[in-house]
Amino acid sequence: MKEEKNPIEYRTPDESVVIKTELILPAMANLRNNLQGGQMMHFMDIAGALTCRRHSGCEVATVRVDSIEFQYPVKVGEIVTITSKLVWVGRTSMKVKIRAVSEDHKIRTCKLTNVAYFTYVALDEEGHPVEVPRLLPQTEEEKADFEREQREYEKRRQAPGV
Ligand SMILES: CC(C)(COP(=O)(O)OP(=O)(O)OC[C@H]1O[C@@H](n2cnc3c(N)ncnc32)[C@H](O)[C@@H]1OP(=O)(O)O)[C@@H](O)C(=O)NCCC(=O)NCCS
């Protein structure tokens, strides 16, 4: 009997979205009572890794912090909601957009405080990169994000180390 290759799997960005909520405690803050930047990056890294695990079904490693912006400080006592969503998937690598919104629930206001892009690689049991399902962008925005990131990926492959 002829051996069939596994069919290519596709998943949409919505299928692996992760939303994570944190209360900011004093131990997470600096001397100005603001959430430490490194702590925010840790929250974001976990959310991004969970999105990639959901998409790939594999262990993942962070290989690149593409960008991170700190637009407003987050105060102790505020609630932060971190949303992580895939914008691009290659053969074994996955790029995630991560947004953090802080909420002062006493005065019922929300602010977009951070936007970041992190890249992860799916790993097999020996720790080698492994192929992941492809991404099937649905909306016009998702399609535009995917095309932009594909161009970035191709540019980086032509100039490694950038
Ligand atoms: C993840 C790791 C095993 C990949 O090994 P590697 O030799 O770079 O593997 P490859 O060259 O085959 O690249 C695998 C994929 O990663 C991507 N990649 C590797 N380094 C990258 C970087 N710095 N930025 C963006 N993508 C990168 C490649 O483009 C490729 O993607 P593709 O398959 O979609 O085309 C290795 O880089 C590693 O162990 N890094 C350290 C990870 C780590 O410790 N993270 C912190 C804790 S989670």
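Which residue of strand 5 is the bridge partner of V89? In the predicted model described here, that partner is M94, and the pair belongs to a ladder of 10 bridges through which strand 4 (residues 79-89) and strand 5 (residues 93-104) are joined in antiparallel fashion. The connection between these two strands is a hairpin of three residues, and elsewhere along the ladder V80 stands opposite S102 of strand 5.

The overall architecture gives the setting for this pairing. The secondary structure of the protein amounts to two helices and seven strands, and from the N terminus on the elements follow the order β-β-α-β-β-β-β-β-α. Taken along the principal axes, the box filled by the C-alpha atoms is roughly 65 × 35 × 35 Å. Of the 162 residues, 27% count as buried, and among contacts with a separation of 6 or more, 73% are made by residues 24 or more positions apart.

Five of the strands form an open sheet, ordered 2-4-5-6-3, in which the pairing is antiparallel. Strand 2 and strand 3 occupy the edges, and because each has a single partner strand, one side of each is left without a neighbour in the sheet. From one strand to the next, the twist averages 25 degrees. Helix 2 (residues 140-158) packs on this sheet, where it touches strand 4 and strand 5, and its direction makes about 65 degrees with that of strand 4.

Strand 5 is also joined to strand 6, again in an antiparallel arrangement, by 12 bridges. S102, which stands opposite V80 on the side of strand 4, has K111 as its bridge partner in strand 6. Strand 5 and strand 6 likewise form a hairpin, here with four residues between them, and R108 in the turn has a positive phi of about 50 degrees.

Helix 1 (residues 37-56) has 20 residues, which at 1.5 Å a residue should span 28 Å; the C-alpha atoms at its ends are 28 Å apart, so the expected and modelled spans agree. The buried positions of helix 1 are M40, F43, M44, A47, G48, A49, T51, C52, H55 and S56, and these buried residues pack against strand 1, strand 2, strand 3, strand 4, strand 5 and strand 6. Just after the helix, G57 takes a positive phi of about 75 degrees.

The shell around the ligand consists of A61, T62, V63, R64, G90, R91, T92, S93, T119, V121 and P129. Two elements, strand 3 (59-70) and strand 6 (109-123), each give two or more residues to this shell, and strand 3 gives the most, with four residues. By character, the residues of the shell divide into four nonpolar, five polar and two charged.

A further feature concerns the N-terminal part of the chain. E15 lies in the loop between strand 1 (10-11) and strand 2 (18-23). With 14 other C-beta atoms within 10 Å, E15 is partly exposed, because this class lies between the 20 or more that would make a residue buried and the 12 or fewer that would make a residue exposed. Although E15 and K85 are 70 residues apart in sequence, their C-alpha atoms are 9.0 Å apart in space.

Terms used: Residues are numbered from 1 along each chain as its sequence is written. This is a predicted model: local features need pLDDT of at least 70, side-chain atom pairs count only at pLDDT 80 or more; totals for chains, interfaces and linings use all residues. A residue is near a molecule or strand if its C-beta atom, placed from the backbone, lies within 6 Å of it. Ala, Val, Leu, Ile, Met, Phe, Trp, Tyr, Cys and Pro count as nonpolar, Asp, Glu, Lys and Arg as charged, and the others, Gly among them, as polar. Two strands pair if DSSP finds at least two bridges between them. Axes are lines fitted to C-alpha atoms, for helices over the stretch in contact, and angles run from 0 to 180 degrees between N-to-C directions. Two residues are in contact if their C-beta atoms, placed from the backbone, lie within 7 Å. The expected span of a helix is 1.5 Å times one less than its number of residues.
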